[in-house]
Amino acid sequence: MIKTLAAFGLALVLVLAMSAAPVVRAADSYPSHPIRIVVAYPAGGSTDTAARLLADRLGKVLKQTIVVENRPGAGGVIGAASVAKAQPDGYTLLFAASPELSIAGITTPNLPYDPNRDFAPVTLVGQVPFILVANNDFPANNVQELIAYAKAHPGKVNFSSFGTNTSNHLGGELFNLQAGINMTHVPYRGSSPSLTDLMGGQVQVTFDTVTAVFPLIKSGKIKALAIATAKRSPLAPDLPTVAESGVPGYTGGTWFGLLAPSGTPPEVIQRLSSATRTILESDDIREQFASRGIQPAPGTPDDLRTFLAAEIAKWKDAAQKIGIKTN
């Protein structure tokens, strides 16, 4: 009986060791082939820009090719869903923004993934505020003039967004509520097409990231009305905040984070997290991010998990105030 139990115990140890071996070998050799980072928005937008800056440097640190793939649509849901269903081996990652993870689970019925269960956090990458910008031909040149114009011309002011129930859609609706106006929401499939139509005059105003709009403001293609930070930004010290312009307490922005499919080996997550944090703490990426209005925010996987929980709670409260039905 003792010999039988001993033999069974030895066999069990061997089975467990054999089953664990592929994971250990995979982690030790990771990455052995190209990595794909999915961006759930079109090329040229702020999320895409930040993702490509990171991917370039991450590829050098990991000594492997990293390909950025744009899969836009449904406010980031299509791209996020593709990663949630991918093999959890560390070779398909999501460069996420707030809409698909902080907001979609609150406002989107029948979401094809669970933001909490279907992703393994790697690290928060950065945070970036919104700027309220307008078409150059729009009569308003500041927040008070925008509010006055919208009240005097009901139904004549449109604001664009990255898509329905995205961060700048909810930000625009919250601005409507706090300013006592009723601008009409026009959703797009990302920042780039939204800004294209803003420049063309199809929409009058939008909230978008510093990253996306600064080059257009500097080149005179659109005009800035205010920045949605609590205090004035060093990047644009002469630009007033929305709050100081007559909408007290108003702030808005988005964040970027790196995540893998749930079930990705912890050793791979730690390798990715450590490499990404090293990059985000370098002077090079800090300068590159700062010039685009992105504040690096490196942290551990647990830090990102805690951050996500707080973001979801914040946007659920905002959606209820606006009157958007929540799940």
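A cavity, in this talk, is a set of grid points where a 1.4 Å probe fits but cannot get out. With that term in place, I shall present the structure shown above, which is a predicted model.

How many cavities of 30 Å³ or more does the structure hold? There is one. The space in the largest cavity comes to about 80 Å³. Its lining consists of 13 residues, and those closest to its centre are Tyr41, Ser46, Thr47, Ala97 and Phe162. Sorted by class, the lining contains seven polar residues, five nonpolar residues and one charged residue. Which element gives the largest share of this lining? Helix 2 does, with three residues.

Helix 2 leads us to the next topic. This helix covers residues 46–62, and together with strand 1 and strand 2 it makes a β-α-β unit that is right-handed. The two strands, residues 35–39 and residues 66–70, pair with each other in the parallel sense, over five bridges. As one example, isoleucine 35 has isoleucine 66 in strand 2 as its bridge partner.

I turn now to the aromatic rings. Across the whole structure, a search finds ten aromatic pairs. Let me begin with phenylalanine 138 and tyrosine 149. Their ring centres are 5.1 Å apart and their planes stand at 75 degrees; because angles over 60 degrees count as edge-to-face, this pair belongs to that class. The pair links distant parts of the chain, eleven residues apart: phenylalanine 138 is in the loop between strand 4 and helix 5, while tyrosine 149 is in helix 5 itself.

Are these two residues buried or partly exposed? Phenylalanine 138 has a relative accessibility of 6%, and therefore counts as buried. Tyrosine 149, at 23%, counts as partly exposed, because the limit for buried is under 20%.

A second edge-to-face pair is formed by phenylalanine 175 and tyrosine 250, with 5.9 Å from centre to centre and 85 degrees between the planes. Phenylalanine 175 lies in helix 6, whereas tyrosine 250 lies in the loop between strand 8 and strand 9, so the pair ties together parts that are 75 residues apart in sequence. Both phenylalanine 175 and tyrosine 250 are buried.

Finally, we return to the cavity. Ring pairs join Tyr41, Phe130 and Phe162 into a cluster. Two of these names have been heard before: Tyr41 and Phe162 are among the lining residues closest to the centre of the largest cavity. Thank you for your attention.

Notes
Residues numbered from 1 in each chain as written. Predicted model: local features only at pLDDT ≥ 70, side-chain atom pairs only at ≥ 80, totals over all residues. Heavy atoms only, no water. Pairing = 2+ DSSP bridges. Helix = DSSP H or I, 4+ residues; strand = E, 2+ residues; numbered from the N terminus. Right-handed = clockwise from strand over helix to strand, strands pointing away. 1 Å grid on protein atoms, 1.4 Å probe; cavity = no way out; pocket = protein on both sides within 12 Å on 5 of 7 lines; lining within 4 Å. Points joined across faces, edges and corners; volume = space filled by probe spheres on them. Nonpolar A, V, L, I, M, F, W, Y, C, P; charged D, E, K, R; others polar. Phe/Tyr/Trp six-rings, centres within 6.5 Å; stacked < 30°, edge-to-face > 60°. Buried < 20%, exposed > 50% of the residue type's maximum accessible area, 1.4 Å probe, protein only.
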